[in-house]
Amino acid sequence: MYRAPVDEIAFTLKHVAGLEKALESGLLGDLSQDLVDAILSEAGRFATEEVAPLYRAGDRQGAILKDAAVTTPPGWKELYRRWIDGGWNALSGPPEHGGQGLPLMLGIAALEMWNSGAMAFGIGPTLTMGAVEALEKHASEELKSTYLAKLVSGEWMGTMNLTEPQAGSDLNALKTRAEPAGDGAYRIFGTKIFITYGEHDFTDNIVHMVLARLPDAPAGTRGISLFLVPKFLMKADGSLGQRNDVFCGGLEHKLGIHGSPTCTMIYGDGFAKDQPPGAIGWLVGEENRGLAAMFTMMNNARLAVGIQGVAIAETATQKALAYARERRQGKAATYRGDGMAPIVHHPDIKRDLLTMTALTRVARSICYALAHAIDMARADDGEAARHWLERANLLTPVAKAFATDTGVAVSSIGVQVHGGMGFIEETGAASLYRDARIAPIYEGTNGIQAIDLVSRKLLQSDGEHVLGYIAELGESAAGIRASELPGFGHSAEAVDKAVADLLESTQFLQEALKDGDIEPALAGATPYLRQFALTAGAAYLVNAALADEAAERIALCRFYCDNLLGETAALKEAVVGGSESLLKAGAALLG
Ligand SMILES: Cc1cc2nc3c(=O)[nH]c(=O)nc-3n(C[C@H](O)[C@H](O)[C@H](O)COP(=O)(O)OP(=O)(O)OC[C@H]3O[C@@H](n4cnc5c(N)ncnc54)[C@H](O)[C@@H]3O)c2cc1C
């Protein structure tokens with residue numbers, strides 16, 4: 001069973017991501033270390049004692065659709081109620097609408113814990129968070145005053161409706177249409193697929209954020225607008241009124257996250273019998289600028305999905321370690337007891353468990369560093385705010401893609417550590433692996449994240465921002481040398497080499513982009529993102545080890561530098577030398 005690693009989470013926030021310095025700077029208001037610790041500890045208790053025990057019901061029973069109504073797994077509705085009553089939905093929400101206005105760093109740390117307890121539960125509030133942010137930034141005062149407080153408290157949940165059968169990664173192809181109703185509202189017609197928590201029984205109203213086209217809109221993404229479409233319209237007195245013409249036409253049968261309803265949402269099909277067809281909605285932001293407004297939601301959501309990868313990796317690691325200490329097979333040099341040794345004594349299993357631990361910590365560090373950058377961009381001003389915004393932009397695709405790939409990789413190793421029992425559902429190792437698999441796909445596939453990193457983020461500030469970040473990573477090697485701690489072995493040299501390789505790959509890609517060699521640059525995007533993350537991870541593990549000089553952290557950092565960081569050299573070769581053969585061999589695939 002999952003136990004929230006509250007101390008590790010607090011340590012990473014404070015000493016790796018930068019929370020401690022941020023608190024000292026006063027930029028985060030009067031938030032104290034004690035309050036941070038108290039919040040994390042209570043979130044850890046809730047995730048461990050209340051969310052995790054309901055995981056199994058979510059996976060086994062899943063969400064059920066009957067007569068356009070969705071019933072969530074047994075106990076989940078009550079869990080959600082206790083969760084919002086605890087104020088957890090409002091943690092990072094805007095204070096002017098009832099939120100606690102705490103830094104995103106805390107919100108993301110808590111989100112990790114909910115997702116570790118049950119990812120299918122944690123995903124719901126993520127979408128509400130995104131809706132809050134989009135409305136706060138782009139909606140009219142009237143929409144804000146009607147919807148924001150209820151979304152911030154969690155009394156209502158939000159959804160995000162982009163995907164259509166013909167429009168997945170490419171939103172140019174979006175067809176859902178919005179017709180002006182003449183009274184300032186719009187009528188929405190179309191079908192959205194794969195909508196997470198599109199229908200459920202957690203809350204009595206659901207606020208859908210929907211991308212659609214106006215009648216005279218230009219083609220492509222410049223003709224997309226964002227609309228707010230509630231499940232129930234509001235009466236003048238603020239109570240729930242008429243049922244809107246939007247309903248759930250089907251639930252997907254999925255590989256994992258069974259507790260989370262993935263809905264086909266049908267707009268304007270005449271579901272609400274006593275009104276003209278068309279789901280009633282209101283424009284959020286400007287006409288034809290919907291994608292920009294939606295991107296406010298998506299950047300937030302990308303970090304939130306990245307943290308799902310961390311969450312699954314953490315739970316899988318805990319489970320594998322517990323199993324490896326219990327399961328006995330074979331003999332081992334370090335085992336002095338009777339009979340067969342617990343498998344944790346075998347070097348190969350130690351490699352598995354250390355790889356899981358190290359990758360989980362790397363992914364967590366990157367995600368928390370991103371949350372820190374977002375907090376700083378909001379709290380600071382002028383040049384500093386711009387710097388932090390660029391840092392957040394740079395780390396968003398890395399956090400999303402690397403952390404979710406790590407969720408899959410680590411949960412797969414977790415299955416392996418369990419042997420045959422890993423493939424059997426009883427142990428729960430398999431279900432983590434199943435759950436993890438969606439995260440590299442939704443919120444922009446990891447391939448799309450890599451393209452974003454290379455084609456947009458490497459060019460920020462004329463290419464200087466990423467170079468500054470890489471220079472910062474290099475400082476960690478100097479930190480090891482200055483510490484003179486022998487336990488690091490050759491870690492400083494390994495970090496130097498990885499950072500030099502990352503610089504070479506980065507400059508290679510920047511040059512290619514400047515020369516207009518887009519295809520070769522994009523061919524290297526996925527290996528580059530991994531090279532970037534693994535190198536950044538080394539620096540974060542070093543900084544963690546230097547922060548408290550604990551023997552365990554230094555040993556783990558050295559293990560990472562000796563055993564895992566070497567992959568970056570091979571990735572560099574793929575980035576700078578792999579594209580020609582890839583494109584040549586790829587020609588044969590076109591048919
Ligand atoms: C369980 C679940 C929940 C979801 N929840 C939501 C939700 O709440 N709201 C919502 O709107 N959507 C949701 N989605 C949809 C999800 O965001 C999409 O599935 C995702 O964006 C990918 O789109 P697609 O499935 O059409 O794949 P495609 O776009 O068809 O992609 C197929 C493959 O081609 C690659 N590819 C596509 N274009 C390019 C390109 N230009 N360059 C290189 N490679 C490319 C992709 O990386 C991918 O590997 C959900 C999906 C699932 C399965």
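Which N or O side-chain atom does an oxygen atom of the ligand reach at 2.6 Å, in the view that includes Thr445 or elsewhere? It's one in the side chain of Thr445.**View 1. Polar contacts of the ligand.** The model is predicted, with local features needing pLDDT of at least 70 and side-chain atom pairs pLDDT 80 or more, while totals for chains, interfaces and linings use all residues. Residues are numbered from 1 along each chain as its sequence is written, and side-chain values use heavy atoms, leaving out hydrogens and water. Besides Thr445, a ligand oxygen lies 2.6 Å from an N or O atom in the side chain of Ser169. At Leu162 the partner is a polar backbone atom, 2.8 Å from a ligand oxygen. On its own the ligand exposes 970 Å², and the protein buries 61% of that (Shrake-Rupley areas, 1.4 Å probe).

**View 2. The shell around the ligand.** Here 18 residues surround the ligand (a heavy atom within 4 Å). Met160, Thr163, Ser169, Phe194 and Thr445 are the closest. β5 gives the most, with 3 residues. By class, the shell has 9 nonpolar, 7 polar and 2 charged residues (Gly counts as polar, Tyr and Cys as nonpolar).

**View 3. The largest pocket.** The ligand sits in this pocket (more than half of its atoms within 2 Å of the grid points). Its volume is about 1,200 Å³; a pocket is an open set of points on a 1 Å grid where a 1.4 Å probe fits, with protein on both sides within 12 Å along at least five of seven lines, and lining residues have an atom within 4 Å of a point. Of the 46 lining residues, Thr163, Ile441, Tyr442, Glu443 and Gly444 are closest to the centre. α9 (290-326) is among the elements supplying at least two lining residues, and α9 gives the most, with 6 (helices are DSSP H or I runs of at least four residues, strands E runs of at least two).

How values were computed: Points joined across faces, edges and corners; volume = space filled by probe spheres on them. Polar contact = N/O pair within 3.5 Å; in protein donor to acceptor, adjacent residues only side chain to side chain.
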